Amino acid sequence: MTNIRCLRLHMAALCLLLASLLAAALAGCHQPAATSSDGGESLGLISVPPLLSVDMATLLTAQQVSDALATEVTGPQIYEEVTAHFESEDALTTADITLNEVTREVFDVQLAVIRETYTDLEEAPNLADAAWSQENKELILYGKGYMASIVVDIHGVSEDNANLLGARQLASLVLDKL
């Protein structure tokens with residue numbers, strides 16, 4: 001994976017992680033400490049739930065991603081429990097799918113922050129609650145209680161919108177599975 005692709009992947013994961021922290025803060029996330037079984041003093045243990053209720057390893061298969069991108073890919077490799085990475089054998093074609101469970105309000109705030117960073121972010125054509133960055137090859141969308149970042153880089157395509165079309169197809173598959 002090239003340094004730029006790696007940086008994009010980490011930036012997308014960081015944005016979604018920040019969104020989840022914001023969601024937790026807005027929700028007033030507070031769990032009382034566990035108590036001993038005899039009802040006595042607190043044990044001071046708090047269980048941390050998984051970041052997602054979706055298993056990123058089984059969200060999409062390599063074949064589904066290959067079909068969407070019209071290029072054979074392998075994967076997924078899972079990063080930080082929230083990102084599934086697929087890549088071609090030569091690693092020149094990649095797809096990264098990052099999910100975060102958020103409310104619509106948190107998505108709107110996070111998208112506003114992203115708009116300040118991505119100067120070319122525009123509404124994705126014919127796709128509600130989604131924005132596209134051609135420069136970053138990233139589709140950001142909200143659906144079924146999830147914020148998704150789908151970064152697609154198809155090597156050797158001449159069409160300007162091929163990455164967007166691949167990202168849209170992946171988004172449709174992801175939303176169907178949620």
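This report walks through helices, strands, cores and charged pairs in a predicted model.

## Helix H3 and its buried side

Start with helix H3, which spans residues 62–69. Its buried residues are Ala62, Val65, Ser66, Ala68 and Leu69. They cover an arc of only 165° around the axis, which puts them on the same side of H3. A general rule helps here. An α-helix has 3.6 residues a turn, so residues three or four places apart point the same way.

What do the buried residues of H3 pack against? Their partners are four strands and a helix: E1 (74–79), E2 (83–87), E3 (94–101), E7 (146–153) and helix H5 (162–177). After H3 comes Ala70, with a positive phi near 60°.

## Thr74, a link back to H3

Thr74 sits in strand E1. In sequence, Thr74 and Ala62 are twelve residues apart. In space, their C-alpha atoms are 5.3 Å apart. Thr74 also touches Ala62. Its other contacts are His85, Phe86 and Glu87, leaving out residues up to four places away in sequence.

## Strand E3 and its partners

Is strand E3 enclosed or open? Seven of its eight residues are buried, so E3 is largely enclosed by the rest of the structure.

E3 pairs with E2 and with E7. E2 and E3 run antiparallel and are joined by five bridges. Phe86 stands opposite Ala95 of E3. The two strands form a hairpin, with six residues between them. Ala91 lies in that turn and has a positive phi of about 65°. E3 and E7 are also antiparallel, and eight bridges join them. There, Glu101 stands opposite Tyr146 of E7.

## The nonpolar cores

In soluble globular proteins, nonpolar side chains tend to be buried together. Here, the largest nonpolar core has 31 residues. Which residues have the most contacts inside it? They are Phe86, Leu99, Leu139, Ile150 and Leu170. Several elements each give two or more residues to this core. The helices are H2 (56–59), H3 and H5. The strands are E2, E3, E5 (130–133), E6 (138–143) and E7. H5 gives the largest share, five residues.

Take Ile150 as a case. Neighbours within four places in sequence are set aside here. Ile150 then contacts Asp96, Ile97, Lys137, Glu138, Leu139, Leu141, Ala167, Leu170 and Ala171. There is also a second, separate core of eleven residues. Among its members are Val106, Phe107, Tyr118 and Met147.

## One aromatic pair

How many aromatic pairs does a search of the whole structure find? It finds one. Phe107 and Tyr142 form this pair. Their ring centres are 5.3 Å apart, and the planes meet at 35°, which makes the pair tilted. Phe107 belongs to helix H4 (residues 104–117), and Tyr142 to strand E6. The two residues are 35 apart, so the pair links distant parts of the chain. Both rings sit in buried residues: Phe107 has a relative accessibility of 1%, and Tyr142 has a relative accessible area of 15%. The cut-off for buried is under 20%.

## Salt bridges around helix H4

Side chains of opposite charge can pair when their charged atoms come close. A search of the whole structure finds four salt bridges. One of them joins Asp108 to Arg104, with the closest N and O atoms 2.9 Å apart. Asp108 and Arg104 are four residues apart in helix H4, which means about one helical turn separates them. Another bridge joins Arg104 to Asp129, at 2.6 Å from N to O. Arg104 lies in H4, while Asp129 lies in the loop between strand E4 (122–123) and E5, so this pair ties together parts that are 25 residues apart in sequence.

Are these residues buried, exposed or partly exposed? Asp108 is partly exposed, at 37% relative accessible area. Arg104 is partly exposed at 30%, and Asp129 is partly exposed at 35%. Salt bridges with shared partners join Arg104, Asp108 and Asp129 into one network. Glu123 and Arg115 also form a salt bridge, at 2.6 Å from N to O. Arg115 is partly exposed, with a relative accessible area of 34%.

Notes
Residues are numbered from 1 along each chain as its sequence is written. This is a predicted model: local features need pLDDT of at least 70, side-chain atom pairs count only at pLDDT 80 or more; totals for chains, interfaces and linings use all residues. Side-chain values use heavy atoms; hydrogens and water are left out. Buried means under 20% relative accessible area, exposed over 50%, partly exposed in between (1.4 Å probe, protein chains only). The arc is that of the directions from the helix axis to the C-beta atoms. Contact means heavy atoms within 4.5 Å. A nonpolar core is a set of buried Ala, Val, Leu, Ile, Met, Phe, Trp, Tyr and Cys residues joined through side-chain atoms within 4.5 Å. Rings of Phe, Tyr and Trp (its six-membered ring) pair if their centres lie within 6.5 Å; planes under 30 degrees apart count as stacked, over 60 as edge-to-face and the rest as tilted. A salt bridge is a side-chain nitrogen of Lys or Arg within 4 Å of a carboxyl oxygen of Asp or Glu. Two strands pair if DSSP finds at least two bridges between them.
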